[in-house]
Amino acid sequence: MTPTDIKTVDANLPRAKAAFHTLIPALGFILQAWPLIAFTGVAMALSVLAGPRYSLFGRLYRQFLVPALDIEPGPTEALAPHRFSEALGAVFLLASAVLLAGFGSGVAAGVGWTLSLIVVALAAINWLAGYCVGCKMYGLIARLRSSEARV
Amino acid sequence: MSGALIRIVVVVGVIAIAFASTKLLKAWSERGPLPTRFDLADAGLEGNRTAIVEFSGPYCYECKEILPLLKAAAKVHSSGFALIDTHQRPDIASKYNVRSTPTVLVVSGDGRVKRVWQGSPEEAELDRALSPRRKLKVA
């Protein structure tokens with residue numbers, strides 16, 4: 001695959017979405033409201049499965065935040081690593097929501113909140129520091145797969 | 001209410017720990033000395049002339065953006081040029097401690113690394129590294 005074959009995304013968009021992925025689950029944890037976790041997980045899963053057009057947080061960013069704050073387009077980045085990262089977040093949040101909805105308290109609920117807090121922490125790093133851990137994992141997996149393919 | 005306060009502290013603490021871990025991870029991933037020698041054969045280059053070597057990756061747009069500059073510089077200075085994809089050749093990337101893309105080397109004909117950039121080189125810096133006497137003009 002050459003760089004010209006790759007779908008791209010405005011680098012500001014994943015960071016803006018990461019803000020939503022941080023704040024809503026964090027609020028869910030503070031208020032102990034698992035529906036907020038489920039809502040974020042479903043929105044992320046929809047964005048990954050149906051495409052960026054159906055990304056709720058992406059639309060909020062493009063249609064409201066960009067004109068309101070007059071945000072200039074940023075540099076372009078490959079879409080695939082961010083999509084992988086979002087898929088990982090969606091899996092964690094949906095698993096968390098299932099555990100929290102199924103078991104209101106106990107060890108399972110503890111695991112559920114831990115999964116949510118992992119997403120909160122990683123999304124916060126992406127939002128505030130611009131460091132996408134999921135994208136790094138995607139790069140590592142791509143490297144491993146390319147080196148395996150050559151053996 | 002106190003429960004909510006505790007949870008706010010937990011959220012802030014988790015984010016702070018994640019930040020500290022990221023800093024450590026970045027420092028760890030950028031460890032190791034920069035290369036001082038480069039075997040031109042690793043880049044498929046032969047001969048005794050100076051060469052520009054760019055370490056690139058399929059998702060690195062900066063790498064693609066600086067390609068015309070690097071190629072023009074190599075042409076003007078009659079130097080060799082090689083592009084190494086770190087995903088295709090992770091063995092070469094790890095051999096020379098390349099941790100980020102783009103990484104650009106200017107290597108003399110005897111294999112001595114004259115200059116390393118972890119990021120994009122400036123046109124004038126590249127010009128100086130290749131030949132202190134000649135000015136590079138890129139159309």
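This is a short talk about the pockets, helix packing and two backbone details of a predicted model.

Hi everyone, and thanks for coming. Please keep in mind that what you have in front of you is a predicted model. I'll begin with the empty space, then go on to the helices.

Rolling a probe the size of a water molecule over the atoms shows where empty space is left. Here, the largest pocket holds about 1,800 Å³ of space. Its lining is made of 45 residues. If you want to find its centre on your screen, look for Cys135(A) and Lys136(A) together with Arg99(B), Ser100(B) and Thr101(B), which lie nearest to it.

Which elements each supply at least two residues of that lining? From chain A there are helix H1 (12-31), strand S2 (76-78), helix H4 (79-102), helix H5 (107-129) and helix H6 (133-150). From chain B there are helix H1 (2-29), helix H2 (61-76) and helix H3 (90-95). H6(A) provides the largest share, with 10 residues. As for the chemistry, the lining has 22 nonpolar, 14 polar and nine charged residues.

Now for the second largest pocket, with about 440 Å³ of space. It is lined by 26 residues, and nearest its centre you will find His21(A), Met44(A), His82(A), Ser85(A) and Glu86(A). In chain A, H1, helix H2 (34-50), H4, H5 and H6 each supply at least two lining residues. Which helix gives the most here? That is H4(A), with eight residues. The lining divides into 16 nonpolar, seven polar and three charged residues.

Let's turn to the packing. Two packed helices are described by the angle between their axes and the distance between the axes.

Take H1(A) and helix H3 of chain A, residues 56-69: their angle is about 115 degrees, and their axes are 9 Å apart. Because of that angle, H1(A) is roughly perpendicular to H3(A). Their crossing is right-handed. On the H1(A) side, the contact includes Phe20(A), His21(A) and Ile24(A), while Tyr61(A), Arg62(A) and Leu65(A) are among the partners in H3(A). By class, this contact has eight nonpolar, three polar and two charged residues. You may recognise His21(A) from a moment ago, as one of the residues nearest the centre of the second largest pocket.

The next pair is H2(A) and H4(A), with an angle of about 145 degrees and axes 8 Å apart. Left-handed or right-handed? This crossing is left-handed. Trp34(A), Met44(A) and Val48(A) are among the H2(A) residues that take part, and H4(A) contributes residues including Glu86(A), Leu93(A) and Leu100(A). The contact counts 15 nonpolar, five polar and two charged residues. Met44(A) and Glu86(A) also belong to the residues nearest the centre of the second largest pocket.

Over in chain B, H2(B) packs against helix H4, residues 123-130, at an angle of about 30 degrees, with the axes 11 Å apart. Why is this pair called roughly parallel? The angle of about 30 degrees is under 35 degrees, so H2(B) counts as roughly parallel to H4(B). The crossing is right-handed. Leu69(B), Leu70(B) and Ala73(B) of H2(B) meet Glu123(B), Leu126(B) and Leu130(B) of H4(B). That gives five nonpolar residues, no polar ones and one charged.

I'll finish with two backbone details. In chain B, Thr101(B) and Pro102(B) are joined by a cis peptide bond, with omega about -5 degrees. Pro102(B) sits in the loop between H3 and strand S3 (103-107) of chain B. Thr101(B) has come up before, as one of the residues nearest the centre of the largest pocket.

In chain A, look at Asp70(A), in the loop between H3 and S2. Its phi is near 55 degrees, a positive value in a residue other than glycine.

That's my tour. Thanks for listening!

Notes. Residues numbered from 1 in each chain as written. Chains lettered and ligands numbered in written order. Predicted model: local features only at pLDDT ≥ 70, side-chain atom pairs only at ≥ 80, totals over all residues. Heavy atoms only, no water. 1 Å grid on protein atoms, 1.4 Å probe; cavity = no way out; pocket = protein on both sides within 12 Å on 5 of 7 lines; lining within 4 Å. Points joined across faces, edges and corners; volume = space filled by probe spheres on them. Helix = DSSP H or I, 4+ residues; strand = E, 2+ residues; numbered from the N terminus. Nonpolar A, V, L, I, M, F, W, Y, C, P; charged D, E, K, R; others polar. Axes fitted to C-alpha atoms, helices over the stretch in contact; angles between N-to-C directions. Parallel < 35°, antiparallel > 145°, perpendicular 65-115°, else oblique. Left-handed = near helix turned anticlockwise from the far one by under 90°. Contact = heavy atoms within 4.5 Å.
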